[in-house]
Amino acid sequence: MELPNKWYNILPDLPKPLAPPRDPEGAEEEFSRIELLLKVLPQKLIWQENTVERWVPIPDEVLEVYKEIGRPTPLMRARRLEKLLDTPARIYFKYEGATPTGSHKINTAVPQAYYAKEEGVEGLTTETGAGQWGTALALAGAMYDMPVKVFMVRSSYHQKPYRRVIMRLYGADVTPSPSEETEFGKKVLRENPDHPGSLGIAMSEAIEYALKRNWRYGVGSVMNFVLLHQSIIGLEAMKQMEEIGEDPDVLVACIGGGSNFGGLVFPFLGQELQKTKDPKKKRRRYVGVTPSEVPKFSKGKYEYDFADAAGLLPQLKMHTLGHEFTPPPIYAGGLRYHGVAPAISLLYEEGWIEIMEYEQKECFEAGRLFAKAEGIVPAPETNHAIKAVIDLALEAKRKNEEMVILFNFSGHGLLDLGNYQSVLGL
Ligand SMILES: *Cc1c(COP(=O)(O)O)cnc(C)c1O
């Protein structure tokens, strides 16, 4: 199959214009977060963040790398799972675990590294918790011959040694955060030499490090341009489904910041939005899945909040539990984010998206069932989508109706076996 050569941007098709990012109100004496963001990102990404062009060309150099990392990723059918559930539903999934870093995050890491390189930037920094994002940026940097420095939350650095090893194999410099390498890190360590670190602290260190040199900062989710890059997933899936004469009735993905959900769903949802702005007339169902432990839709508010825990980045209008929300230590690290991408928030408000919530244990059980049926071990994040898919397939069985389900298999769980061991007692 030919790769799509343009990304899809949902902004021009939204039922209402998106509220823009902003600086906090009544904070005159402080710095401008908007200006800070302009300094730490490549210019091309700022343009992509704001553009209302529906189609954005993918540079040839990025298409080449997409091919090298195994795009298009396989569209697979979970026949054995269907059989096990004895359901009339047909279950398809887009297997993003097939990329070298094992998740969808490489789809945006590659263009971010490419644009930085093109603009003469000398290196990239970022923060990472569980490690999937840091791993993706480390590989993208290696592919464009750029140094990458990853500030890894100290507790994860010790708990997830294998992610740290992969990043180093790719040539990245991985530093446990808080560190002595930034003013911010030094300040935190002065107050508490044994600080376990947090995503907010690691992010502050990464941004400070980038600002002090001709480097830029990589963003793993939430922002419009990240969802734009991830649309490659849904565009490929749409072609692949067409080739086998299928059209999904229900699309499902888990939601952390929203990038794998937006990536799969937006090309399909946008197609409908171009025909009607009335959600009652939609043909398909669009289902996002969040952990019950991070109930940003059912218990969160739709309001302006900081994009990041440190309050360094601008405020976004989104469903949020508050940037100071401390999530319980669930293993699906990628789903612990306090908010969700503004475009997804708006579409939920407008009645285009449904949300399902599940607890950790039942998601790991769903992952066990999937692994046994299909042979592929899902990431703890992906298990949330799988749990919802199983419930939808059982609903189809009860109603005895045909249902074509397509879900995003956001990543494999081969580096998360310790989590399976803990939760399922294996
Ligand atoms: C990061 C991650 C997620 C959650 O992030 P989104 O931006 O919501 O997609 C989900 N699954 C995997 C495997 C991840 O690495």
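**Exercise 1. Charges and overall form**

Task: For this predicted model, state how many positive and how many negative side chains the protein has, and how far apart the centres of the two sets lie.

Solution: The count gives 50 positive and 57 negative side chains in the protein. The centre of the positive set and the centre of the negative set lie 4 Å apart.

Task: Decide how the radius of gyration of the protein compares with the globule rule for 426 residues.

Solution: Begin with the secondary structure, which consists of 16 helices and 14 strands. The radius of gyration is 20 Å, close to the 22 Å that the globule rule gives for 426 residues, so the protein is as compact as a globular protein of that length. Along the principal axes, the C-alpha atoms fill a box of roughly 65 × 50 × 40 Å. Next consider the burial and the contacts: 61% of the 426 residues count as buried, and among contacts between residues at least 6 apart in sequence, 76% join residues at least 24 apart. Finally, the protein exposes about 17,000 Å², of which carbon and sulfur atoms supply 50%.

**Exercise 2. Two paired strands, S4 and S14**

Task: Work out which residues of S4 point one way and which point the other way, and whether they are buried or exposed.

Solution: Start from the general pattern, in which the side chains of a regular strand alternate between the two faces of the sheet. In S4, Arg90, Tyr92 and Lys94 point one way, whereas Ile91, Phe93 and Tyr95 point the other way. All of these residues are buried, in keeping with the count of six buried residues out of six for S4, which spans residues 90–95.

Task: Find which strands pair with S4, and in which sense each of them does so.

Solution: On the one hand, S3 (residues 75–77) pairs with S4 in the antiparallel sense over three bridges, and here Met76 stands opposite Phe93. On the other hand, S14 (residues 404–409) pairs with S4 in the parallel sense over six bridges. Within this second pairing, Phe93 has Phe407 as its bridge partner, while Ile91 has Ile405.

Task: Explain why S14 can be called largely enclosed, and name the further strand S9 as part of the picture by stating how many bridges it forms with S14.

Solution: Six of the six residues of S14 are buried, so this strand is largely enclosed by the rest of the structure. Val404, Leu406 and Asn408 point one way from S14, and Ile405, Phe407 and Phe409 point the other way. S9 (residues 250–254) pairs with S14 in the parallel sense over three bridges, and Val252 has Phe407 as its bridge partner in S14.

**Exercise 3. Helices and their surroundings**

Task: Determine whether Ala366 is buried or exposed, and list what it contacts beyond its neighbours in sequence.

Solution: Ala366 belongs to helix H14 (residues 360–374). Its relative accessibility is 4%, and since buried means under 20%, Ala366 counts as buried. Leaving aside neighbours within four places in sequence, Ala366 is in contact with Asn383, Ile386, Lys387 and Ile390.

Task: Repeat the reasoning for Glu395 and say whether it is buried or exposed.

Solution: Glu395 is found in helix H15 (residues 380–399). With a relative accessible area of 16%, Glu395 is buried, and beyond its neighbours within four places in sequence it is in contact with Arg285 and Met403.

Task: Establish which elements the buried residues of H13 pack against.

Solution: Six of the eight residues of H13 (residues 342–349) are buried, so this helix is largely enclosed by the rest of the structure. The buried residues are Pro342, Ala343, Ile344, Ser345, Leu346 and Leu347, and they pack against helices H11 and H12 and strands S11 and S12.

**Exercise 4. Backbone details in loops**

Task: Identify where the cis peptide bonds before Pro72 and Pro178 are placed.

Solution: The bond from Arg71 to Pro72 is cis, with omega near 0 degrees, and Pro72 lies in the loop between H3 and S3. The bond joining Ser177 and Pro178 is also cis, with omega about 5 degrees, and Pro178 lies in the loop between S7 and H9.

Task: Asp86 and Val222 each have a positive phi; decide for each whether it is buried or exposed.

Solution: Asp86, in the loop between H4 and S4, has a phi of about 50 degrees and is exposed, with a relative accessible area of 52%. Val222, in the loop between S8 and H11, has a phi of about 70 degrees but is buried, with a relative accessible area of 9%.

How values were computed:
Residues numbered from 1 in each chain as written. Predicted model: local features only at pLDDT ≥ 70, side-chain atom pairs only at ≥ 80, totals over all residues. Heavy atoms only, no water. Helix = DSSP H or I, 4+ residues; strand = E, 2+ residues; numbered from the N terminus. Rg over C-alpha atoms; globule rule 2.2 N^0.38 Å. Buried < 20%, exposed > 50% of the residue type's maximum accessible area, 1.4 Å probe, protein only. Contact = heavy atoms within 4.5 Å. Areas by Shrake-Rupley, 256 points an atom, 1.4 Å probe, with all protein chains shown as cover. Lys, Arg positive; Asp, Glu negative; His and termini not counted. Charge placed at Lys NZ, Arg CZ, Asp CG, Glu CD. Pairing = 2+ DSSP bridges.
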